[in-house]
Each structure stands twice: as C-alpha cells, then as structure tokens.
Amino acid sequence: MEEEPAKEAERCPVRNAMAHLDSEVKEECLREDLKFYFMNPCEKYRARHQIPWKLGLQILKIAMVTTQLVRFGLSNQLVVAFKEENTVAFKHLFLKGYSGTDEDDYSCSVYTQEDAYESIFFALSQYHQLKNISLGTLGYGENEDNRIGLKVCKQHYKKGTMFPSNETLNIDSDIEIDCVHLDLSTYPQEWKNSSFFRLEFYRLLQVEISFHLKGIDLQTIHSRELPDCYVFHNTITFDNKAHSGKIKIYFGSDAKIEECKDLNISGSIQKNTQYVLAFDAFVIVICLASLILCTRSIVLALRLRKRFLNFFLEKYKRHVCNADQWEFINGWYILVIISDLMTIIGSILKMEIKAKNLTNYDLCSILLGTSTLFVWVGVIRYLGYFQAYNVLILTMQASLPKVLRFCACAGMIYLGYTFCGWIVLGPYHDKFEDLNTVAECLFSLVNGDDMFATFAQIQQKSILVWLFSRLYLYSFISLFIYMILSLFIALITDSYDTIKKYQQNGFPETDLQEFLKECGSKEKYQKEASPFLSCICCLRRKGSDDHLVLMN
C-alpha cells in the first residue's frame, strides 16, 4: 500500500510533462494557423502550395461582370434614347408654337385667351389625326377607363365675382373639377362648340389633357435584340394657378415598357438572345462560386477568432482588445459577398428582361452598376500587396474615421448656409430657388466653380438684399475654402505622415501581433514552388510584413 503513492508520484511528472507538451503543441498550431490566415494568396501558395482560387475567381469575375455591364448599358442607352426622342416628338406634335427648347421647367407659355384656346384645340386636333401626321410607329392606347380617346379635366374655383378696378373680390376658394371624355368618333369642330370649353379665366386654375399612345422600338433589331413595346401616358397641363396673365404649359410623358403580345421575327435575333442568356447564366455561376468561397472564408475566420479568444483568456486571464477581434473580420470579403448577391439578382432580372418577361430596367441598372462598382473597389485589396500602393490604402483607412467626424461638424455649418441662402436670396437668384439647387450651388462654390456668375446674377431690386448677398457669399467662400477645406486636407496629410513613420519605424504592436511575433520564421512552411507561379504572382515584397494584419 505504501508503494502506490510512490508510483503515483513517479507518474505525475510524466503526466504534467505530457499536459505541458500538449499545451505547447496546441499553442503552436494556433499560432501557425493565425500566421497562415494573415498571409496574402501568393504567400499561402509558397507556404503550402494552396492555389489562390479566390484570387483567380475574382479576376475572372471582374472581366465577366464588366463585359455584362457594358452590354446591358448599350442596350439601356437605346431604351433611354427612344423615350427621350419620343417625348421631344410629342412636344412638337401637340404643343402649338413649341420652339424646341423648354422655358425653364415648363415647355412653353401663352399670354392671351385666344392663344390659350388655340393651344388647347391644336392638341385635340393633332391627336385626332395622329396617324396621318406622325413619323413614328404610334397607335392609340386605352386610358384608365379602358377607353380610347382624350380625357380633359379643368379645375376652377366655385363661382364668384372679381373686379380688380374696384379692388373687389368675392369668390369661393373651394375647387371644382370637371372632366369630359372625347373619343375619336367626334371631330375637333364639334369639340369647339361644347360648353365645357367656355373657360372663365379669372377662376380657372388649370386644364389637363391626358391620353395614351402605344409604340414599338424597332431600333433594337439593329443590335440583334427583341423589340420592346411601349405605352406612353402623356399629359398636357395648362397652369393658371398664379393668375399672373401667363399660362404655363407643361408636357409630361411617362413611358412604360410592356411585353409585346405577338412577336414574329425571323433572322439571327433568337440565337443571339440565347447566347446572351447563356453568358448571364455563366456570370451567375461564377458569382455563386465566389459567394460560397468568401462565405466559407468568413466562417473559418470566425472559428479561428473563437479559438484565439479562448486561448488568450485561458492563458493570460484577460480578454483580447476590440481592435484585435475586428482583425478577423475581413471587410473585403463582406464587400465581395454584397457585390455577388447584387450581381446574381441583377443578372436574373437582366435575363428576364432579355426574355421580355420583365421590363424594370431601372432596378436592374442599379443592381448591376453598384455591383460592378464594388467589384472594382475590391481590386484595391490586391493592390495593397504592393508597398507603394499599400501606403495610400492604409492612409485612406486611417483617415476615414477622422474625415467622417469632420464632415459631420462641417455639414452643420453647410446646412445653416443652405437654409439661410434659400430663404433670403431665393426670390432674387435662380440658383437659390429651392433647397436642392442651393445645396448644389454652394457645393460648386466650395470647388471654385462658377463664382463670378453667382455673384453677378443677383438681382439688385433691393439694396439691403444685395448687400446681404455679398456678405453671405464672401463669408461662405472664405470659411469653406480657406479654413474648412484646408483642415480637411490636413487630416488626410496627417494620417499619411503617420503611416509613413509607422512603415519606417514599425507599426504599434497589439496583442495579436505580439502573439504572432513569437512564432518562428514562416520559411519552414515553404516548399519548392512552381517557377511559373513564383515568377508571375509570388514576387516577394520589400519591407516589414507587420502591416499585413492591418490590411486584413
């Protein structure tokens, strides 16, 4: 019985040694996995001959997504051009005396009752004989009531009396709306004799003429694409709300693309459509593979992060700082995942549009355009593997939080000037008529654009307002150009100098970097690599590798 404790004591050092050895092996494995995780693709290939699939896939995806976007952009240009050209044609067809250039935000204007009547009946007459005068492939469409024809509505105050010479006004401010439908069976001369068109201009607010037209875009055939069918909802508005002696005439055209009911087109268009659909399907497959690989990398990174946090807490009895925890979240992968999702959805919409099952060009354009933007922004990550570019990238990363905080403060001053300019200078200056225009004007002034014209266009109807405009503009330009813009540049310059010093003297070491520094040289990973890949993509970079952690 006395021999058993002695034997147990002999076993304890062995067991303790084995436990210590297991702990060291576990720590070394974790350190090696962390070191490998923060390597770039070429270093991973040199270390373990791991082929950089994600890098090759991203390069292929850039080429394919850009090609897809260019093809869709050329097709979308035809759609936009067809809509705009039809709108211009409609204005010339239905607006009497249209000069070809809009007056401010409206198309044209009239100043006499005779001109108002002539403009109204001119539009009605042109609609009636549209097929005989139009150069386009147009037809009549049904309105909301499923009727073919014109819908004319007039808004006016309730009856009353008004004598400007005696400064007397007696009118009911309630608004009445009267509408009438004019079909093609009646002629314009009959419409003129209708009592509906006896307008009392002193209480008239507006006259609105609405009608639908249908057209087919045949120019897409030249691009070997199936044509689109359009429905144009046109509205002519005679605006007399100001009662200033001037009636503004607005022309609005809302084009809606619809699926053609019966397409019978011979030639190579159908085969070309199949090729495009096959290419879009291949883009979806590539993006899906990229999505899976990047998602897998994030999942593995989160597992590695959990291992490191548990080990650090177990060994050092404290938590890892937030900065080190965020090093495991690769923002580039998240950007790629968002880009892949948008590309997949946009490509599906594009295939449906190509097959004429959908007509929503705008949503598809936003998805494909934004995804291509993210794809090209993602190229910055790979430029960061070269030291000359990495300085600029690290500078942007370091200065971004400071710049955002600075812009938030400067934005408050900017908004103050925007509201002040709108309320004071709006009645006297075209560039200060509304808040959106004021913001655009001030942003142009910050960049030194169109300064003299902004000063010169202020109307001198009020000396007080003219003096205020000078004080307003001079103070804004001096404050934003000489002070705020200079401080903005100084923030970025300061971050650039800091990064340059870090690259010369070494980056501040965090807990994660100190843990990795204890690891032996990673050369023990390296095996004899392929001469081709070593020459093409695995060139060693001069300088310290400490900033690899910052890049990832």
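These exercises work through cysteines and surface charge in a predicted model.

**Exercise 1.** Find how many disulfides the model holds, and which cysteines form them.

*Solution.*
Step 1. Apply the cut-off: a disulfide needs two cysteine sulfur atoms within 2.5 Å.
Step 2. Check the pair Cys153 and Cys179: their sulfur atoms lie 2.0 Å apart. Because the cut-off is 2.5 Å, this pair qualifies as a disulfide.
Step 3. Take the count: the rule gives 1 disulfide.

**Exercise 2.** Describe the handedness of the Cys153 and Cys179 link and place both ends in the chain.

*Solution.*
Step 1. Read the angle about the S-S bond: 110 degrees, a right-handed link.
Step 2. Place the ends. Cys153 sits in strand β3 (residues 150–163), and Cys179 sits in strand β4 (residues 168–182).
Step 3. Note the spacing: the two cysteines are 26 residues apart, so the bond links distant parts of the chain.

**Exercise 3.** Sort Cys153, Cys179, Cys29 and Cys287 into buried or partly exposed.

*Solution.*
Step 1. Set the limits: buried is under 20% relative accessible area, exposed is over 50%, and partly exposed falls in between.
Step 2. Cys153 has 13%, so Cys153 is buried. Cys287 has 0%, so Cys287 is buried.
Step 3. Cys179 has 43%, so Cys179 is partly exposed. Cys29 has 36%, so Cys29 is partly exposed.

**Exercise 4.** Name the residues of the negative surface patch, then locate Glu440 and classify its exposure.

*Solution.*
Step 1. List the members: Glu103, Asp104, Asp105, Asp430, Glu433, Asp434 and Glu440.
Step 2. Locate Glu440: it belongs to helix α13 (residues 435–446).
Step 3. Classify Glu440: its relative accessibility is 46%, so Glu440 is partly exposed.

Note on methods: Residues are numbered from 1 along each chain as its sequence is written. This is a predicted model: local features need pLDDT of at least 70, side-chain atom pairs count only at pLDDT 80 or more; totals for chains, interfaces and linings use all residues. Side-chain values use heavy atoms; hydrogens and water are left out. Patches are made of residues with over 30% relative accessible area and no salt bridge: like charges are joined within 9 Å, nonpolar side chains (Val, Leu, Ile, Met, Phe, Trp, Tyr) within 5 Å. Accessible areas come from the Shrake-Rupley method with a 1.4 Å probe; for residues, only the protein chains shown count as cover. A salt bridge is a side-chain nitrogen of Lys or Arg within 4 Å of a carboxyl oxygen of Asp or Glu. Lys and Arg count as positive and Asp and Glu as negative; His and the chain ends are not counted. The place of a charge is taken as NZ of Lys, CZ of Arg, CG of Asp or CD of Glu. Helices (H or I, at least four residues) and strands (E, at least two) are DSSP runs, numbered from the N terminus. Buried means under 20% relative accessible area, exposed over 50%, partly exposed in between (1.4 Å probe, protein chains only).
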